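Here is a friendly look at a protein model and at how its side chains and helices fit together. Take a moment to turn the structure around before reading on.

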Amino acid sequence: MVLRRDSSHPSGVLRSSNLASTSRDCTPGGGAMANEQPVTKRQRMESKNAGIVLDDITTKVSTAPPDIIAAPAAPINGGGSGDSASSSSTSSSPNVSTASIASGRCSSGDEIDNVARILMQDNTRISPSFPDLLKVTPVDSDLVEIHNHLVQKCLCGVSERTLRRIYQPDNGKVLRNVPLKEWPAVKIMQFLSNIQLLFEVYLPQNMKGFICMRVLEACERLLLDEITLIDEITQLCDHENRFVRFLAGRVLSSFLLIAKKYMNVVNDKLKPLVENLTALDRIDAVTVRRVGVSAEILRRIVEWKDTEEHPLDEDDDEDEMGEQVPPPIQPPPLESNYFATHYNPEMVAAAASSSASTSSSHRHPGTPAVQQPIIRETESGCQLVTLTDSESFDTGGLKFGMIETLKEEWPSIVDHMSTVIRRWRDFPAAEETILAFLSFWESVISVRANLPIVQTLYFHEPLNDLKKLLSPHLPGTVYKQMLTLFNEALCYGSTLALQDLPPKPTCSFAAQIVLQVRNRWLLRSLPQERAGNPVNFIGLCGENIDYEDGSLRRRRSQPDNTIESATVDKSLLQKLVLLVLKSVAVTAKEVRSDSSDSSIESTDFQAVQDMKTLEESIRDALKKLEDFMKDTLQFLPETHFSEILIHLFGDQDDYLIEAMVCTLDVTVNMSFRNNAFPQLVAMLNPVFTFLEFLKMINNSSSLLLDLLISNETCFLLYLLRFLKYIRLNWDMFVTSCQRSTVGNNCLDSAVGVLKRLRLQIQRLVSMARFPYDIAPVLRLLDSCEQLYEGDQLS
């Protein structure tokens with residue numbers, strides 16, 4: 001059988017050249033309909049809706065997937081094609097009864113057949129293309145034209161009347177006289193999508209330094225003529241449709257970034273968003289939705305400097321910069337001309353007065369003088385405005401003003417949000433609101449936000465009350481975001497490890513983590529999925545009954561003071577363990593700083609006892625964490641802590657290196673006083689961790705070199721401190737290599753990796769291809785190699 005395309009039919013439907021079998025009866029022998037291939041069934045469904053039956057199709061034909069949005073169509077009347085109707089003896093006609101199809105005369109248990117009958121009964125059609133808002137709303141030629149131009153990142157060539165349609169749908173006849181909140185949800189999404197697309201074109205071009213003149217005019221029109229529209233969009237923050245809320249948040253955040261130079265407008269429009277966070281004293285569904293959108297808007301503003309350019313846009317930037325024509329050279333002003341100032345001062349004064357009057361006539365009173373922009377035309381006909389340095393895109397003032405407004409109210413905001421977290425089941429949009437709020441909190445305290453530390457300290461203090469936030473009954477997404485927030489507060493590898501004494505709020509938060517680990521509350525709060533029993537039956541009342549292995553006796557519940565065997569999400573466990581290791585490292589650094597205080601004498605008995613108490617608490621917390629990891633990951637009791645650590649973080653380079661830095665710093669900071677607590681040092685032996693790490697990477701020096709060059713981890717900090725540690729404790733390094741269970745000749749293999757790493761670094765340095773000064777690492781590698789060769793000679 002050969003398939004050909006029917007050119008007489010408007011849709012060009014595929015038809016069969018074999019017309020021998022023109023009908024198919026739903027008989028027991030013809031029950032293969034339920035087992036047809038999905039593509040064949042989809043073709044049959046589409047042909048029925050179009051009034052055409054494909055005759056005896058057995059060949060697989062790949063077509064576009066159906067649209068998930070079904071649009072109403074005209075009644076089925078044979079499809080309007082006489083040729084197709086005549087070629088099929090049993091084609092669909094007005095005499096076909098949809099009730100007979102729905103009655104199940106052709107019994108089929110297949111879902112696609114059921115959907116076909118439903119669509120036939122509801123008199124709908126399936127579009128052969130992907131979902132589009134234009135499918136469910138009337139097509140507007142002006143908006144389609146604007147959309148096509150915005151995709152090309154240029155609005156040159158668009159008429160003024162068409163450009164006005166971005167903010168005035170339906171020519172302002174119907175919908176603009178109705179509040180935006182009362183529009184249909186689909187129409188709101190289409191309206192906001194056009195505005196957001198305009199902003200998405202404006203922002204990257206503004207950051208690059210050149211922008212389409214018509215795009216700039218369209219955004220200026222919103223700021224000057226359509227500013228009341230922003231108030232209506234702000235009211236959409238509590239809309240019932242989550243997609244409308246998302247689009248409204250994106251539009252508002254982009255608007256605030258664009259209107260940055262009009263700070264009076266920004267402060268006026270930012271005020272209701274900040275007030276949404278402070279209005280949590282009355283908690284209801286509307287308030288919860290409003291808080292979620294407001295938090296997402298503020299988060300995007302804080303993180304705006306971290307926006308990375310898409311790799312596909314970099315080539316366009318290079319092309320545009322290559323096309324850029326340098327501005328024409330302007331003659332020097334007369335004021336700087338020696339001969340003019342000495343021999344013709346009247347001409348200089350006249351030129352200065354004329355230039356001042358010209359510049360003042362083109363700007364509003366009180367507005368500083370602005371250099372006229374340079375306009376150039378590209379090969380495609382787009383007129384680009386080159387922005388000067390004074391128009392650079394800096395959101396620092398916007399961030400600082402927002403943080404200053406929130407920092408005083410932040411403790412009460414967190415307290416109200418804690419209530420929402422505890423009652424998250426009572427509100428439909430509570431989970432997404434909590435996630436947005438925690439993400440905004442993380443962005444504020446992040447070092448990537450480039451905010452002053454003095455201002456962000458106010459946002460660290462509410463972290464201390466963990467029991468208000470963490471709970472084993474929370475959704476896994478919320479719990480994971482909380483752990484991400486806590487880990488960002490203890491940014492050890494990038495910030496705290498480089499400080500002699502961390503800030504007081506950070507030390508207090510770390511001490512709270514250590515305390516909650518010691519009493520096992522934090523470990524029990526981790527969401528767990530109980531492992532199912534191989535013999536598992538459902539009771540008469542729907543109760544899940546667990547039986548003991550090899551018997552029919554019901555399993556007794558274990559006491560609350562023990563940790564049951566359960567299945568834990570690995571990513572949650574990684575974040576939790578890393579949080580504990582960071583807290584222990586910060587506490588150990590605080591102990592080291594207090595011990596080095598010159599005001600504390602060795603005879604101060606109380607101070608010495610306090611330090612011993614802190615050291616014991618650290619050891620106890622690490623011991624409980626080790627037991628929890630062994631029980632959760634099902635390791636043998638004699639397994640060393642380093643092996644568990646490498647196994648847990650083996651798939652996350654950044655977590656692994658930061659955890660290795662934490663264990664190394666704890667060992668160094670706790671063993672500086674006459675090697676106190678040797679059991680703690682033996683448990684966190686950094687040499688064992690390094691050997692397990694080399695085993696995981698198969699002793700590859702190339703991977704170590706990649707970690708050194710990459711800026712994604714803190715491996716440079718770790719390698720520097722580890723080489724210093726083994727240089728000062730070489731005997732301990734040799735002994736640990738001999739006692740290690742990794743394999744034979746661990747000392748030779750480890751030093752061999754360091755040798756190859758040194759040679760590779762020297763080769764790159766000789767070619768001037770290393771990205772930074774690596775001389776300190778080379779000196780330490782050379783010192784360790786000399787110690788090894790000295791042992792070999794002795």
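This report covers the nonpolar core, one buried methionine, some salt bridges and a pair of helices. Please keep in mind that the model is predicted.

**The nonpolar core**

Let us begin on the inside. In soluble globular proteins, nonpolar side chains tend to be buried together. In this model, the largest nonpolar core contains 193 residues. Leu-198, Trp-441, Phe-486 and Phe-693 are the residues with the most contacts inside this core. Helix H24, which covers residues 570-595, supplies the largest share of the core, with 12 residues.

Try finding Phe-693 in the structure. If you leave aside its neighbours within four places in sequence, Phe-693 touches Ile-646, Leu-656, Ile-657, Met-660, Leu-704, Leu-707 and Phe-715.

**A closer look at Met-629**

Next, find Met-629, which sits in helix H25 (residues 605-633). Is Met-629 buried or exposed? Met-629 counts as buried because its relative accessibility is 0%, and the cut-off for buried is under 20%. Apart from neighbours within four places in sequence, Met-629 is in contact with Val-577, Gln-634, Phe-641, Ile-644 and Leu-648. You can also compare sequence with space here: Met-629 and Leu-523 are 106 residues apart in sequence, while their C-alpha atoms are 9.8 Å apart.

**Salt bridges**

Now for the charged side chains. The structure holds 23 salt bridges. Three of them are set out below, each with its N to O distance.

| Pair | N to O distance | Where the residues lie |
|---|---|---|
| Arg-299 and Glu-296 | 2.4 Å | both in helix H13 (residues 285-302) |
| Glu-658 and Lys-582 | 3.3 Å | helix H27 (residues 653-670) and helix H24 |
| Arg-721 and Asp-665 | 2.7 Å | helix H31 (residues 715-728) and helix H27 |

Start with the pair inside helix H13. Arg-299 and Glu-296 are 3 residues apart, which is about one turn of the helix. Arg-299 counts as buried because its relative accessibility is 16%, whereas Glu-296, at 32%, counts as partly exposed.

The salt bridge between Glu-658 and Lys-582 links distant parts of the chain, with their positions 76 residues apart in sequence. Glu-658 is buried, with a relative accessible area of 12%, and Lys-582 also counts as buried, at 3% relative accessibility.

Arg-721 and Asp-665 form a salt bridge as well, and this pair links distant parts of the chain, 56 residues apart. Arg-721 counts as partly exposed at 25% relative accessibility, while Asp-665 counts as buried at 5%.

Salt bridges can also join up. Which residues are linked in a network of salt bridges? Glu-160, Arg-214, Glu-217 and Arg-221 form such a network.

**Two helices side by side**

Finally, look at helix H11 (residues 242-258) and helix H12 (residues 263-278), which pack at an angle of about 150° with their axes 10 Å apart. Angles over 145 degrees count as roughly antiparallel, and H11 and H12 are therefore roughly antiparallel to each other. H11 passes H12 in a left-handed crossing. On the H11 side, the contact is made by Leu-252, Phe-255 and Leu-256. On the H12 side, Val-265, Val-266, Lys-269, Leu-270 and Leu-273 take part.

How values were computed:
Residues numbered from 1 in each chain as written. Predicted model: local features only at pLDDT ≥ 70, side-chain atom pairs only at ≥ 80, totals over all residues. Heavy atoms only, no water. Core = buried A, V, L, I, M, F, W, Y, C linked by side-chain atoms within 4.5 Å. Buried < 20%, exposed > 50% of the residue type's maximum accessible area, 1.4 Å probe, protein only. Helix = DSSP H or I, 4+ residues; strand = E, 2+ residues; numbered from the N terminus. Contact = heavy atoms within 4.5 Å. Salt bridge = Lys/Arg side-chain N within 4 Å of Asp/Glu carboxyl O. Axes fitted to C-alpha atoms, helices over the stretch in contact; angles between N-to-C directions. Parallel < 35°, antiparallel > 145°, perpendicular 65-115°, else oblique. Left-handed = near helix turned anticlockwise from the far one by under 90°.
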